[in-house]
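Trainee: I have a structure to read and some questions to ask. Can we go through them one by one?

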Amino acid sequence: MGILGFGRATKLENLKVNDLKKERVIQEVRQDQLLVRLRHAQDQFDALLESASEPGLSDAEIDVAAYKMSQVTKAKDRAEQDLQQTITRMTVIDSTVDVINQKSELEKKGIWKKINEIPEEELESQLEELAVDRKESAINLNSIVEMFDVDRQAVRSKRNADFRRSRDAIMQRRVQKNSIANE
């Protein structure tokens, strides 16, 4: 398949910086799209919560809203997982470009030849490790996750737990609205 999914490129020297930069731009666009998808899902969730917490709704209407909220949560979780993969890919690409840009220094130290003798899968693994080191000093994915306040258990949970959590949120919001209206 090639290093980083680049066709027949099985060695670092086969990769072109321009191709990597183009792929980086593609990943940046994908990141922007995923962020929009996450914001949209959060807006949908909030709107469903507000409308379902209105007084006078039947249990069936609340159940429908809780189901829709759980579906939105699942879509949001999928988008977040895709975002995490995209950011990781961008970091790996950046690390790969860094290594290629250091080619002359690596050649002087006799390491470039060794790098190009590393089997494809092992090279990818080492590039990913380099990306992890790079990530610690650059963008921190955890801060993005916290920004969107994603419940980690929702990714692993089944629909019933999502549904119950959504229904509980509706009922809590409903109680809040009732107490404000009664003041």
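Trainee: Which helix has the lowest mean pLDDT among the elements of the protein chain?
Mentor: Start by noting that this is a predicted model. Confidence therefore has to be checked along the chain, since low-pLDDT coordinates should not be read in detail. Helix α1 has the highest mean pLDDT, at 94. The lowest mean, 30, belongs to residues 141-148, which form helix α6.

Trainee: Over which residues does pLDDT stay under 50?
Mentor: The mean pLDDT of the protein chain is 79, and 83% of its residues reach 70 or more. One stretch stays under 50, and the model has 31 contacts for it beyond four places in sequence. That stretch is residues 138-159.

Trainee: How many helices does the protein chain have?
Mentor: Read along the sequence, the pattern is α-α-α-α-α-α-α-α. There are zero strands. The count of helices is eight.

Trainee: Among contacts between residues at least 6 apart in sequence, what percentage join residues at least 24 apart?
Mentor: Take the contacts in the protein chain between residues at least 6 apart. Then keep those that join residues at least 24 apart. The share is 82%.

Trainee: Which helix gives the most to the largest nonpolar core?
Mentor: This core has 19 residues, and L12, L15, L20, V99 and I100 have the most contacts inside it. Helices α1, α2, α4 and α5 each supply at least two of its residues. With five residues, the helix that gives the most is α2.

Trainee: Which residues does L20 touch, not counting those up to four places away in sequence?
Mentor: L20 is among the residues with the most contacts inside the largest core. Some of the residues it touches come before it in the chain: L4, F6 and L15. The others are I93, T96, V97 and I100.

Trainee: How many residues are in the other core?
Mentor: That core lies apart from the largest one. Its members include F45, L49, A65 and F163. The total is 12 residues.

Trainee: Is Q27 buried or exposed?
Mentor: Q27 sits in helix α1. Beyond its neighbours within four places in sequence, it is in contact with T86, R89, M90 and I93. Its relative accessible area is 8%, and the cut-off for buried is under 20%. So Q27 is buried.

Trainee: And I26, what does it count as?
Mentor: I26 lies in helix α1 too. Its C-alpha atom is 9.4 Å from that of M90, 64 residues apart along the chain. Its relative accessibility is 48%, so I26 counts as partly exposed.

Trainee: Which residue forms a salt bridge with R89?
Mentor: R89 is in helix α2, and its partner is in helix α1, 66 residues apart. The closest N and O atoms are 3.1 Å apart. R89 is partly exposed, at 25% relative accessibility. The partner also has a polar contact of 2.7 Å with the side chain of Q27; the partner is E23.

Trainee: How far apart in sequence are the parts that E50 and R173 tie together?
Mentor: E50 and R173 form a salt bridge, with their closest N and O atoms 2.6 Å apart. E50 is partly exposed at 32%, and R173 is partly exposed at 23%. E50 lies in helix α1 and R173 in helix α8, so the pair ties together parts separated by 123 residues.

Trainee: Which residues do salt bridges that share partners join into one network?
Mentor: The structure holds nine salt bridges. One of them is the pair of E50 and R173. Shared partners join these two with others into one network: E50, E54, R173 and K177.

Trainee: Which residue meets R167 in a salt bridge?
Mentor: R167 is buried, at 19% relative accessibility. It is in helix α8, and its partner is in helix α2, 108 residues apart. The N to O distance is 3.6 Å, and the partner is D59.

Trainee: Which backbone oxygen does the side chain of S70 reach?
Mentor: S70 is found in helix α2. At 0% relative accessibility, S70 counts as buried. Its side chain reaches a backbone oxygen at 2.7 Å, that of Y67.

Definitions and conventions:
Residues numbered from 1 in each chain as written. Predicted model: local features only at pLDDT ≥ 70, side-chain atom pairs only at ≥ 80, totals over all residues. Heavy atoms only, no water. Core = buried A, V, L, I, M, F, W, Y, C linked by side-chain atoms within 4.5 Å. Buried < 20%, exposed > 50% of the residue type's maximum accessible area, 1.4 Å probe, protein only. Helix = DSSP H or I, 4+ residues; strand = E, 2+ residues; numbered from the N terminus. Contact = heavy atoms within 4.5 Å. Polar contact = N/O pair within 3.5 Å; in protein donor to acceptor, adjacent residues only side chain to side chain. pLDDT = per-residue confidence, 0-100. Salt bridge = Lys/Arg side-chain N within 4 Å of Asp/Glu carboxyl O.
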